[in-house]
Amino acid sequence: MRSDAAQQNQRDLEMRALELLDAARGTDDQAAEAAVDAFGAQSPDHAAALATARQLTETTAQLPPALASGEDASGLRLELWWARALERPAIGVGATAALLALVLALVLQQEPGVSSAPEQPAIAETQAPETATYVTAWGQQQEITLSEGSTLWLGWDTRLTVTLTGDARQLTLEAGKAAFRVTPDATRPFTVKAGSARTRVTGTEFVVRKQSQGRVEVAVLEGSVAVAGERGRVALEAAQVVVATDGVLGEITARDPEEIGRWRTGMLVFRDRPVLEALEELASYTPYRLNTNLVGDHSGRVTGVFFLDQAQEALVTTMESHRLQARTTPDNELRLQHALPTRPVRP
């Protein structure tokens with residue numbers, strides 16, 4: 001085994017050999033080439049140092065230009081090699097070069113300013129849609145809290161499908177009536193489809209009711225919503241209502257919030273409500289469907305509080321008080337008509 005002095009001497013020779021090779025590389029300077037040859041001919045130690053320097057130069061030929069041509073290039077190559085040589089003094093030159101290549105690869109991954117393979121973008125995890133369908137029976141109401149925090153109230157005989165994804169909340173009211181208190185999230189719009197009407201919000205409270213004869217009613221309790229039909233779009237604020245009939249939006253009307261949301265407590269509230277609207281809503285809590293084609297010009301108004309489980313009695317009482325009568329068809333349709341006047345009975 002060589003002494004420390006011999007090792008240092010050999011290291012100095014290899015450093016000098018690397019310097020001579022660096023000076024001669026890439027030029028046609030015959031004097032530089034002659035200096036390299038003359039160095040190797042001086043002694044066996046010089047020849048060994050030159051051979052090692054050539055191996056190191058060939059091994060590091062793949063270095064990026066910014067590193068290989070720097071002022072410390074020679075020192076870097078020798079220092080890396082020498083660290084291995086000191087650990088394993090008996091190792092051969094060829095094996096040493098292979099070890100050097102490995103060490104260089106590790107160093108280049110950490111060296112500032114040295115480009116490496118671009119980092120591959122992480123594959124985004126796709127979240128499977130969360131879908132559920134909620135159904136209430138006749139005479140039943142249900143309150144539901146969705147996983148994203150919004151609250152739903154389903155009225156009688158209602159069917160609602162909910163689909164939640166990473167960038168949208170989409171609901172379809174297939175039948176009945178539902179109220180929605182939406183958790184604000186500007187990145188995930190909340191859309192309710194009922195028939196040909198779509199109601200879109202990011203955070204608010206509103207009610208959607210699918211009526212008979214292709215009508216959909218949207219009423220706002222708090223905040224605002226955008227309602228789109230097949231033709232046109234309207235914006236609703238709190239205490240406003242619009243009805244879409246076969247996709248055609250009607251006029252915006254005002255309605256007390258108490259009327260819009262009280263049904264969730266089992267009661268209907270009417271405050272100066274047009275009689276045909278009141279009868280339509282009462283009928284939705286009975287086995288009957290209302291046909292008002294023959295009395296479309298009725299101007300009566302209704303004010304009162306009615307219990308949902310007594311809607312049929314309230315329907316009959318309201319019809320009689322507004323001089324309306326109905327003919328019932330086999331499929332439970334009530335065809336309203338004006339009641340004919342009757343002569344008083346003489347005693």
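User: Where is Asn332 placed in this structure?
Analyst: In this predicted model, Asn332 sits in the loop between β19 and β20, the latter strand covering residues 333-338.

User: What is the phi of Asn332?
Analyst: The phi of Asn332 is near 65 degrees, which is a positive value in a residue other than glycine. As background, most residues other than glycine have a negative phi.

User: And is Asn332 buried, partly exposed or exposed?
Analyst: Asn332 has a relative accessible area of 31%, and because the partly exposed class runs between the 20% and 50% cut-offs, Asn332 counts as partly exposed.

User: What about Arg323, where is that one?
Analyst: Arg323 lies in the loop that runs between α9 (311-321) and β19 (324-328), and its phi, near 55 degrees, is likewise a positive value in a residue other than glycine. With a relative accessibility of 48%, Arg323 counts as partly exposed.

User: Changing topic: how many cavities of 30 Å³ or more are there?
Analyst: The count comes to 1 cavity of 30 Å³ or more, and the volume of the largest cavity is about 60 Å³.

User: Which elements each supply at least two residues of its lining?
Analyst: For the largest cavity, those elements are β9 (205-210), β10 (215-222) and α7 (257-261). The lining residues include Val207 and Arg209, Glu217 and Ala219, and also Glu259 and Ile260, with Lys177, Arg255, Trp263 and Glu281 among the others.

User: How does that lining divide into nonpolar, polar and charged?
Analyst: The lining of the largest cavity has 4 nonpolar residues, no polar ones and 6 charged ones.

Technical notes. Residues numbered from 1 in each chain as written. Predicted model: local features only at pLDDT ≥ 70, side-chain atom pairs only at ≥ 80, totals over all residues. Heavy atoms only, no water. Helix = DSSP H or I, 4+ residues; strand = E, 2+ residues; numbered from the N terminus. Buried < 20%, exposed > 50% of the residue type's maximum accessible area, 1.4 Å probe, protein only. 1 Å grid on protein atoms, 1.4 Å probe; cavity = no way out; pocket = protein on both sides within 12 Å on 5 of 7 lines; lining within 4 Å. Points joined across faces, edges and corners; volume = space filled by probe spheres on them. Nonpolar A, V, L, I, M, F, W, Y, C, P; charged D, E, K, R; others polar.
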